[in-house]
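Trainee: I've just opened a structure I've never seen before. Could you walk me through it?
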Amino acid sequence: MSSGPAGGAAAAEKTVFDIKLEKFDAAAKIKIIKEVRSFTDLGLKEAKDLVEKVPAVLKKGLTKEEATAIAEKLKELGATVVLE
């Protein structure tokens, strides 16, 4: 009996990422809301609600480059962000 290759499709490099906000520094909340608005089409209230219900996925279906750039900016503002 032989088994398939170890890892299979899971070993393939991921090409689509989601940005998930895990937590943030309360002092940076307003800056984080403004940043979320800059890369989403959300209004002020929607962005505020999204940020306040952490952990929350902020944006889905991004390339690695887009996701990394946004994640770095949010981290600079005091957020803990994960790429999924």
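Mentor: Sure. Keep in mind that this is a predicted model. Let's start with Glu-35, which lies in helix α1.

Trainee: OK, is Glu-35 buried or exposed, and which side chain of opposite charge is nearest?

Mentor: Glu-35 is buried, yet it has no salt bridge. The nearest side chain of opposite charge is Lys-73, 4.7 Å away. A salt bridge here needs the nitrogen and the carboxyl oxygen within 4 Å.

Trainee: And what does Glu-35 touch?

Mentor: Not counting residues up to four places away in sequence, Glu-35 touches Lys-73, Leu-74 and Leu-77.

Trainee: Does Leu-74 turn up anywhere else, I wonder. What about the largest nonpolar core: how many residues does it have?

Mentor: That core has 21 residues. Leu-74 is among those with the most contacts inside it, along with Ile-19, Ile-32, Val-36, Leu-58 and Val-81. At least two core residues come from each of β1, α1, α2, β2, α3 and β3.

Trainee: Pick one of those. What is Leu-58 in contact with?

Mentor: Leaving aside neighbours within four places in sequence, Leu-58 is in contact with Ile-19, Leu-21, Val-36, Phe-39, Thr-40, Leu-50 and Leu-74.

Trainee: Thr-40 is in that list. Where is Thr-40 found?

Mentor: Thr-40 sits in the loop between α1 and α2. Its relative accessibility is 14%, so Thr-40 counts as buried. The side chain of Thr-40 reaches the backbone oxygen of Val-36 at 2.7 Å, and also the backbone nitrogen of Leu-42 at 3.4 Å. Not counting residues up to four places away in sequence, Thr-40 touches Leu-58 and Lys-59.

Trainee: Let's move along to helix α2. Which of its residues are buried?

Mentor: Ala-47, Leu-50 and Val-51 are the buried residues of α2, which runs over residues 44–52. Looking down the axis of α2, these buried residues fall within an arc of 95°, so they line one face of the helix.

Trainee: What do the buried residues of α2 pack against?

Mentor: They pack against β1, α1 and β2.

Trainee: Switching to charges now. How many salt bridges does the count come to?

Mentor: Five. One of them joins Glu-84 and Lys-20, with the closest N and O atoms 3.7 Å apart. Glu-84 is in the segment after β3 and Lys-20 is in strand β1, so this pair ties together parts that are 64 residues apart in sequence. Lys-20, Glu-22 and Glu-84 are linked in a network of salt bridges.

Trainee: What else reaches Glu-84? I mean its backbone oxygen.

Mentor: The side chain of Lys-14 reaches that oxygen at 2.8 Å. Lys-14 is found in the segment before β1. With a relative accessibility of 43%, Lys-14 counts as partly exposed.

Trainee: And back at α2, which side chains does Glu-52 meet in salt bridges?

Mentor: Glu-52 meets Lys-29 at 2.6 Å, N to O. That pair links distant parts of the chain, with Lys-29 in helix α1 and Glu-52 in helix α2, 23 residues apart. Glu-52 also meets Lys-48 in a salt bridge, at 3.0 Å, N to O. Glu-52 and Lys-48 are four residues apart in helix α2, so about one helical turn separates them.

Trainee: How exposed are Glu-52 and its partners?

Mentor: Glu-52 is partly exposed, with a relative accessible area of 37%. Lys-29 is partly exposed at 25%, and Lys-48 counts as partly exposed at 36%.

Technical notes. Residues numbered from 1 in each chain as written. Predicted model: local features only at pLDDT ≥ 70, side-chain atom pairs only at ≥ 80, totals over all residues. Heavy atoms only, no water. Buried < 20%, exposed > 50% of the residue type's maximum accessible area, 1.4 Å probe, protein only. Arc of directions from axis to C-beta. Contact = heavy atoms within 4.5 Å. Lys, Arg positive; Asp, Glu negative; His and termini not counted. Polar contact = N/O pair within 3.5 Å; in protein donor to acceptor, adjacent residues only side chain to side chain. Core = buried A, V, L, I, M, F, W, Y, C linked by side-chain atoms within 4.5 Å.
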